[in-house]
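Subject: A structure for you to look through

Hi there,

I'm passing on a structure that I thought you might enjoy exploring. Please open it first, and then read my notes alongside it.

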Amino acid sequence: MTQTGVVGGGDRLTDWISLGVLASWVPRDAVDDAVAGTGRVARRAGGKLPPHVMVYFVMALALFADDDYEEVAARLTETLLEWGCWDDAWEVPTSGGITQARQRLGAEPMAGLFAQVAAPVAEEETRGAFLGPWRLMAIDGVEWDVPATEQNAAVFGFHGAHDQGTAAFPKARVVTISECGSHAVVGAAIGGTVGKGSGEQVLARQLYPRLEEDWLLIADRGFYTWKDWRAAADTGAALLWRVSSCVRLPVLELLPDGSYRSVLIDSKKNRESARRPLIEAARRGEDLDPRPGPLYPGDRVRGTRPRRRRDG
């Protein structure tokens with residue numbers, strides 16, 4: 001784009017807008033802090049692809065996923081020059097040089113940078129961002145194909161079946177916490193899709209400590225266990241989770257809108273002799289100690305209509 005605002009060559013205006021947003025949300029000082037914090041600073045002065053350039057390049061790869069390395073580097077060069085991140089004497093590197101620079105950078109600076117800049121962005125007037133005092137957030141999982149390298153296969157594994165008995169690509173599972181109004185991702189955990197510890201619940205446990213007290217976290221039924229509910233609730237955040245129909249929710253009080261107050265009880269306390277005192281105490285409005293102990297753990301919740309499936 002020239003200084004007159006005209007898009008030159010084959011560049012698209014949307015490309016420059018995307019890069020401009022990237023520049024405004026990921027400032028150079030944050031990039032430098034992330035690089036320094038992981039010890040990935042440049043080994044020699046004057047290198048064509050110093051770590052801070054590679055950080056922006058990796059992010060640009062996500063913006064222009066259909067372009068090859070050299071095309072993305074060409075798009076980024078003029079923008080980096082405007083940001084003061086590119087030397088006039090440098091040339092657009094080859095794909096081989098970029099590959100080596102990416103290997104030197106590693107994943108740690110990107111993770112550190114994400115932790116710095118990923119935050120809710122919705123404002124009070126943003127539609128669908130708030131419910132009363134709470135900022136609406138959601139946790140969910142997705143699977144992505146990753147390149148079929150030996151390292152990716154070892155870390156993520158092959159999930160599902162292919163016509164010849166083996167999936168075409170390894171798959172990575174990503175669980176994210178995102179803001180409902182803006183869809184901004186504020187937390188992410190990445191793991192495999194096969195083997196022990198590869199489920200969404202395991203990855204989600206890495207994210208619960210990041211919850212804020214003014215958030216209302218929405219989750220599907222696949223995330224619920226008593227332990228995970230307690231881990232999320234103990235942060236002070238409000239929770240709105242679906243649960244399976246096998247979770248027993250006793251009716252404490254019917255409410256005018258057809259929902260009801262209930263109490264969530266540790267599944268280990270499934271005997272009636274263990275549940276009954278807790279349910280009666282909840283009906284009387286007594287405070288319930290959610291920690292394990294002689295009173296049995298419990299947490300008051302609000303359910304959907306009685307006798308209606310809670311997983312539908």
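Below is what I found, going from the whole chain down to single residues.

Please keep in mind that this is a predicted model. The chain has 312 residues, and 38% of them are buried. Its secondary structure comes to ten helices and nine strands. If you look at contacts with a separation of 6 or more, 59% of them join residues that are 24 or more positions apart.

Let's turn to the inside. The largest nonpolar core holds 27 residues, and those touching the most other members are Ile139, Ile177, Tyr208, Leu211, Leu217, Tyr224 and Trp241. Several elements each supply at least two residues of this core, among them the strands β2 (134-145), β3 (171-179) and β4 (185-191) and the helices α8 (200-204) and α9 (226-233). Leu217 is a nice residue to click on. Leaving out residues up to four places away in sequence, Leu217 touches Met137, Ala138, Ile139, Ile177, Tyr208, Leu211, Ala238, Leu239, Leu240 and Trp241. There is also a second, separate core of 26 residues, which includes Ala34, Phe64, Leu105 and Leu113.

Next comes the empty space. Rolling a probe the size of a water molecule over the atoms is a way to show where space is left. The largest pocket has a volume of about 2600 Å³. It is lined by 47 residues, and Val58, Ala62, Met110, Trp144 and Ile190 are the closest to its centre. Which helix gives the largest share of the lining of this pocket? That is α6, with six residues. Other elements that each supply at least two lining residues include α1 (13-25), α3 (51-63) and α7 (150-156), along with the strands β2, β3 and β4. By type, the lining divides into 35 nonpolar, nine polar and three charged residues.

Now for a few single residues, starting with Val142 in strand β2. Val142 counts as partly exposed because its relative accessibility is 38%. Apart from neighbours within four places in sequence, Val142 is in contact with Ala172, Arg173 and Val174. Val142 and Ile190 are 48 residues apart in sequence, and their C-alpha atoms are 9.8 Å apart in space.

Thr235 sits in the loop between α9 and β6. A polar atom of the Thr235 side chain lies 2.6 Å from the backbone oxygen of Ala232. A polar atom of that Thr235 side chain also lies 3.3 Å from the backbone nitrogen of Ala237. Beyond residues up to four places away in sequence, Thr235 touches Tyr208, Pro209, Leu211 and Glu213.

Thr94 is another loop residue, between α4 (69-83) and α5 (95-105). Is Thr94 buried or partly exposed? With a relative accessible area of 48%, Thr94 is partly exposed. The C-alpha atom of Thr94 is separated by 8.9 Å from that of Ala73, which is 21 residues away along the chain.

Last is His183, in the loop between β3 and β4. Most residues other than glycine have a negative phi. His183 is not a glycine, yet its phi is positive, at about 65°. His183 counts as exposed because its relative accessibility is 64%, and exposed means over 50%.

Enjoy looking around, and send me any questions you have.

Best wishes

Key
Residues are numbered from 1 along each chain as its sequence is written. This is a predicted model: local features need pLDDT of at least 70, side-chain atom pairs count only at pLDDT 80 or more; totals for chains, interfaces and linings use all residues. Side-chain values use heavy atoms; hydrogens and water are left out. A nonpolar core is a set of buried Ala, Val, Leu, Ile, Met, Phe, Trp, Tyr and Cys residues joined through side-chain atoms within 4.5 Å. Buried means under 20% relative accessible area, exposed over 50%, partly exposed in between (1.4 Å probe, protein chains only). Helices (H or I, at least four residues) and strands (E, at least two) are DSSP runs, numbered from the N terminus. Contact means heavy atoms within 4.5 Å. A polar contact is a pair of N or O atoms within 3.5 Å; within protein, one must be able to donate a hydrogen and the other to accept it, and residues adjacent in sequence count only if both atoms are side-chain atoms. On a 1 Å grid over the protein atoms alone, a cavity is a set of points where a 1.4 Å probe fits but cannot get out, and a pocket is an open set with protein on both sides within 12 Å along at least five of seven lines; lining residues have an atom within 4 Å of a point. Grid points are joined across faces, edges and corners, and a volume is the space filled by probe spheres set on the points. Ala, Val, Leu, Ile, Met, Phe, Trp, Tyr, Cys and Pro count as nonpolar, Asp, Glu, Lys and Arg as charged, and the others, Gly among them, as polar.
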